Amino acid sequence: MIQLKGIAAAGGISVGPAHKIGREELTVPRQSIKPEEIPVQIQLFEEALIKTRKEIVALQKRIAVEMGQEQAEIFDAHLLVLEDRMLIEEVILRLKQECVNVAYIFSEVLKKYINVFSKIEDEYLKERVVDVNDVGKRILHNLLGRERKEFEDLKEKVVVVAHDLSPSDTAAMHKQKVCAFITDIGGKTSHTAIMAKSLEIPAVVGVEEATTKIKAGDILIVDGGTGVIIINPDEETLRAYQQEELKLKGITEGFLSVKDLPAVTLDGKAVEIVANIELPEEVPSVKLHGAQGIGLYRTEFFYMNRRDLPSEEEHYQAYKYVAEEMNPLPVIIRTLDLGGDKFLSQFEIPKDMQPFLGWRAIRFCLARPDIFKVQLRAILRASVHGKLKLMYPMISGIEELQQAKKILDEAKKELKDRGIPFYNDIEVGAMIEVPSAAMTADLLATEVDFFSIGTNDLIQYSLAVDRTNEKVAYLYEPAHPAVLRLIKNIIEAAHNAGIRVGMCGEMAGEPAFVLVLLGLGLDEFSMPPLVIPEVKSIIRSIKLSDAQAIAKEALKLSTGKEVAEFSQVKLRKILG
Ligand code: PEP
Ligand code: MG
């Protein structure tokens, strides 16, 4: 029995066999073949090349219609890779010489190519690595006859163990087949971890040696609340955890008794408790847990795990569904926030252009109004089916809001010209998640109808701590005095301007911080559906005046740890 410790990313306890996912997607098993099988292997290779060509041409046509010829031409480079005689001949030559399966040979040749390209000094050629890699993966998937169905083929519930998982990997997981996951790297507010909470499966990230210590098939206990993993537990430990799991379920069910009651303090202050979602499929869970609306609908997951861009109609149908299902409760749709740890292969943008401080979120959307407007028109169209609001991510100053407003006005005009109805006065908000926005919240408040504080990013930007990096996770402190002061400033600025202010970062759903945030005057708390009943019950157990006193005390403390401990003690006292 071995115990590992990582970062607790999504609560709950699960037990299951380990299912390891390769670090290198291009790894393919090596199988010897007989010389007489060579022609069949060559045919397989040719068919995969033809299929890939067809896919790329279809994609190119679609992009030309939706985004213009110039964007479609990006794929010419992909088609060129497909026709590269050197690459093709090398594969066939090695196939004949080595007598091993063509998929293996191709993956080896591809790795060599990528290696060579990566070392080239020329920036333009270096960027071709992205093309070679992308086309190479397409060919390989076709060669192996597989789409990304890693999770669909699972026969029993497993614990996924991987070096890293991208948010799109997590989004592709099925709750019925994956009961928990563990990764070597990652932080508490990486989107992979956030997605685990939405799926309501326990997750531990940043375990560092998970993939080296855990073997496929090992029985694992995953405690997503404490970050503990036990490999091949003895009977006694297993029983103890199973009991703990039951106890946790009991506590969660206990909180459910207040789920449909309003979130009102003992002295009558009402706040709104709403939900964060990534996919429309989460709406039933949102309702089940008594949310008073949706405070953050992260729409970028809509663009993931597909090879084309969603059309206006597809966007519209998804937003219409959420608006109608939640009506008359409000739904805040956040416009596309790509970049950081969320990449979309359709855009063909090198990853190093889109780190957290790069060409991300609203910056990308303002530079690509063609893509942005497809989404804006769909949100506007769906606004007649319920109470929709929209908000922009990563606003850093007033000009971005003004530019976004101009594009929104254009989208409205286009719909008017097409005779399509929409709600003209749709509320527009800004996420406050960049320190410059937090410090100039008074200026931004004059441009929007509401604020939503994105602490996941606000913490990483103000403390200079990458939210996905396990090595610096100890510095990622929501209750750091710098963060508390920024939050205080944002709330005061919003209230002075007469607008409402919510919070949709993970901090809003952390029981220990609810009291301080309530005391600071937050109007709306948005969180994963599962924690809503608990947060409601905390708010119903305290007077606003007491929460204000707690916030005042917290602001006097000088470290994040002190604030966290102080808040925890107060919470325990209140909940008995
Ligand atoms: C945030 O930054 O707090 C937020 C809610 O947005 P995201 O986690 O999607 O960056
Ligand atoms: Mg953010």
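Visitor: Into which domains is the protein chain divided?
Guide: There are three in this predicted model: domain 1 takes in 2–23 + 150–233, domain 2 covers 35–144, and domain 3 spans 265–575.

Visitor: How do you know that domain 1 and domain 3 are in contact?
Guide: Contact means heavy atoms within 4.5 Å. Here 21 residues of domain 1 meet 23 residues of domain 3 in that way. Their C-alpha centres lie 26 Å apart, and the two domains bury about 1900 Å² between them, with 57% of it on carbon and sulfur atoms. T189, H191 and E200 supply 32% of the area that domain 1 buries against domain 3, more than any other three residues.

Visitor: How many salt bridges are counted between domain 1 and domain 3?
Guide: The count is two salt bridges.

Visitor: What makes E208 and K471 a salt bridge?
Guide: The rule asks for a side-chain nitrogen of Lys or Arg within 4 Å of a carboxyl oxygen of Asp or Glu. For the side chains of E208 and K471 the N to O value is 3.2 Å, so the pair passes the 4 Å cut-off. As background, side chains of opposite charge can pair when their charged atoms come close.

Visitor: How many salt bridges does that rule give?
Guide: The count comes to 38 salt bridges. Some residues join up further: E312, E313, K373, R377, R381, E410, E414 and R418 are linked in a network.

Visitor: Why is the pair K249 and E245 called a salt bridge?
Guide: Their closest N and O atoms are 3.8 Å apart, and the limit is 4 Å, so the pair counts. Both residues lie in helix α10 (residues 235–255), four residues apart, about one turn of the helix. In general, an α-helix has 3.6 residues a turn, so residues three or four places apart point the same way.

Visitor: Are K249 and E245 buried, partly exposed or exposed, and how do you know?
Guide: Buried means under 20% relative accessible area and exposed means over 50%. K249 has 44% and E245 has 22%, so both are partly exposed.

Visitor: Where do E492 and K488 lie?
Guide: They sit four residues apart in helix α19 (residues 481–496), about one helical turn from each other. Their closest N and O atoms are 3.2 Å apart, and they form a salt bridge. At 38%, E492 is partly exposed, and K488 is partly exposed too, at 31%.

Visitor: What makes the salt bridge of E427 and K389 a tie between parts of the chain?
Guide: Their closest N and O atoms are 3.7 Å apart. E427 belongs to strand β13 (residues 427–432) and K389 to strand β12, so the pair ties together parts that are 38 residues apart in sequence. With 30% relative accessibility, E427 is partly exposed. K389 has 14%, which is under the 20% cut-off, so K389 counts as buried.

Visitor: Which strands make up the closed barrel?
Guide: The eight strands run β9-β10-β11-β12-β13-β14-β15-β16, with parallel pairing. On average, neighbouring strands of this sheet are turned by 25 degrees against each other, direction ignored.

Visitor: How do you know that β14 and β15 pair?
Guide: Pairing needs at least two bridges. Strand β14 (residues 450–453) and strand β15 (residues 500–503) have four, in the parallel sense, so they pass. S452 stands opposite G502 in β15. Likewise, three bridges join strand β9 (residues 272–277) to β10, which run parallel, and A275 stands opposite I294 in β10.

Visitor: Why is β10 described as largely enclosed?
Guide: Five of the five residues of strand β10 (residues 294–298) are buried, so the rest of the structure largely encloses this strand.

Visitor: What makes helix α20 largely enclosed?
Guide: Ten of the ten residues of helix α20 (residues 511–520) are buried, so this helix is largely enclosed by the rest of the structure. Among them are F513, V514 and L515. The cover over the buried residues includes α19, β15, β16 (524–527), α21 (532–539), α22 (544–556) and α23 (560–575). Just after α20, G521 takes a positive phi of about 105 degrees.

Definitions and conventions:
Residues numbered from 1 in each chain as written. Chains lettered and ligands numbered in written order. Predicted model: local features only at pLDDT ≥ 70, side-chain atom pairs only at ≥ 80, totals over all residues. Heavy atoms only, no water. Helix = DSSP H or I, 4+ residues; strand = E, 2+ residues; numbered from the N terminus. Axes fitted to C-alpha atoms, helices over the stretch in contact; angles between N-to-C directions. Buried < 20%, exposed > 50% of the residue type's maximum accessible area, 1.4 Å probe, protein only. Domains from an automatic or database assignment. Buried area = accessible area lost by both parts, 1.4 Å probe.
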